[in-house]
Amino acid sequence: MDFPSQTLDEICPCCRKSSWEFLYNSTFNHYNIPIFLCTSCGLQTQFPRPEASDLYTEEYYSGSADFSYRDERKTEKFDRYVWKARIKNILKFKPTKGEFLDVGCSFGGFLNCAKEAGFGVTGVEISPFSAEVAQSRGFKVFTGEFLDAALPENFFDVVTLIEVIEHLSEPLHVFAKLNRILKPGGLLLLQTANFEGWQALEAGPSYHYYLPGHFYYYSESNLKKILDQSGFTDHITYPGVDFSLSAKLLKSRGSFRSWCDYWKWIRIGIYHWKSKFKKKDRPLTSSMVLYSFKVE
Ligand SMILES: [Zn+2]
């Protein structure tokens, strides 16, 4: 194992202590990322961290970089099943159809579904390449980092970060800003990996969530602790995802190349079913969605 040349003495954004210990170098793919563990609260982080501007290039968003994002323009027709199912769930809590912000909005597919449901929509997107595409569809999109975005305070009814919070540095500033821009009672939706789940624990350094752009590795309990400290309340955890298996199955067809690919439905179904169960108080899988509300 390679030991890092640096030590980490930052204040932990979750427990506010500084008791980081080098855990291991990740072994997923060839990234070899140095991972530190907060021995006080269990939060993990990579350190040193790369510059965001080096990560989110056009190659990243078009899927051609080594570490990259799936180009959702090619599969939007299928992705819409999941986006629409998610909006339907959000409407159970926020039926007023107010102002909606998607941080990390990519090409604007999810914004489009929110708009169709009646929301006024805004996006934040770090990549000029994908932000331009979203803007060309008529959406208001700030290009750059979330902390640099000029956003109105006490304005949004819903703010979503789908697989985004783990990418952001300066978590305490991020959570404080999320609180400021939401209206009292506004809904914050976070989807990220739960490092308390057995899937992450059993995979250890080989867990697939250890990616160059993922700076913090949260868990259900330390996210709730941060949210409590940042002016949020009434947290709701959805183990797995906040929508039905059928939406997930319909979406998956976007990646199918032949009829043989339908066997993948069995794998997806088993994963979805497993995500609802716990062993020794920990969920079996490590996918998670959290809904949280700004204190009124
Ligand atoms: Zn900590």
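**Figure 1. Cationic side chains over aromatic rings in the predicted model.** In this predicted model, the charged end of Lys-177 is placed over the ring of Phe-146, at 5.0 Å from the ring centre. A second arrangement of this kind involves Arg-282, whose charged end sits over the ring of Trp-198, with 5.9 Å to the centre of that ring.

**Figure 2. The edge-to-face pair of Phe-93 and Tyr-291.** The structure contains 22 aromatic pairs, one of which is formed by Phe-93 and Tyr-291, where the ring centres are 5.4 Å apart and the planes meet at 65°, so that the pair is classed as edge-to-face. Phe-93 belongs to helix 3 (residues 76–93), whereas Tyr-291 belongs to strand 13 (residues 287–294), and the pair therefore ties together parts of the chain that are 198 residues apart in sequence. With a relative accessible area of 28%, Phe-93 is partly exposed, while Tyr-291, at 0% relative accessibility, counts as buried.

**Figure 3. The edge-to-face pair of Tyr-262 and Trp-265.** The rings of Tyr-262 and Trp-265 form an aromatic pair with 5.1 Å from centre to centre and 70° between the planes, an edge-to-face geometry. Tyr-262 counts as partly exposed, its relative accessibility being 28%, and Trp-265, at 29% relative accessibility, likewise counts as partly exposed.

**Figure 4. An aromatic cluster that includes Tyr-24 and Phe-195.** One aromatic cluster is made up of Tyr-24, Phe-195, Tyr-207, Tyr-209, Tyr-210 and Tyr-217.

**Figure 5. The zinc ion and its cysteine donors.** The SG atoms of Cys-12, Cys-15, Cys-38 and Cys-41 coordinate the zinc ion, at 2.2 to 2.3 Å. The angles subtended by the 4 donor atoms around the zinc ion run from 101 to 119°, and the arrangement is therefore tetrahedral; for comparison, the ideal angle for four tetrahedral donors at a metal is 109.5 degrees. Along the chain, the donors of the zinc ion follow the spacing C-x2-C-x22-C-x2-C. Cys-12 lies in the segment before strand 1 (20–25) and Cys-38 lies in strand 2 (residues 34–38), so this pair ties together parts that are 26 residues apart in sequence. Both Cys-12 and Cys-38 are buried.

Terms used
Residues are numbered from 1 along each chain as its sequence is written. This is a predicted model: local features need pLDDT of at least 70, side-chain atom pairs count only at pLDDT 80 or more; totals for chains, interfaces and linings use all residues. Side-chain values use heavy atoms; hydrogens and water are left out. Rings of Phe, Tyr and Trp (its six-membered ring) pair if their centres lie within 6.5 Å; planes under 30 degrees apart count as stacked, over 60 as edge-to-face and the rest as tilted. Helices (H or I, at least four residues) and strands (E, at least two) are DSSP runs, numbered from the N terminus. Buried means under 20% relative accessible area, exposed over 50%, partly exposed in between (1.4 Å probe, protein chains only). A charge sits over a ring if NZ of Lys or CZ of Arg is within 6 Å of the ring centre and within 35 degrees of the ring normal. Donors are N, O and S atoms within 2.8 Å of the metal (3.2 Å for Na, K and Ca); water is not among the atoms, so sites may look incomplete. Four donors count as tetrahedral if all angles lie between 85 and 135 degrees; four count as square planar and six as octahedral if opposite donors are over 155 degrees apart and all others between 65 and 115; anything else is irregular.
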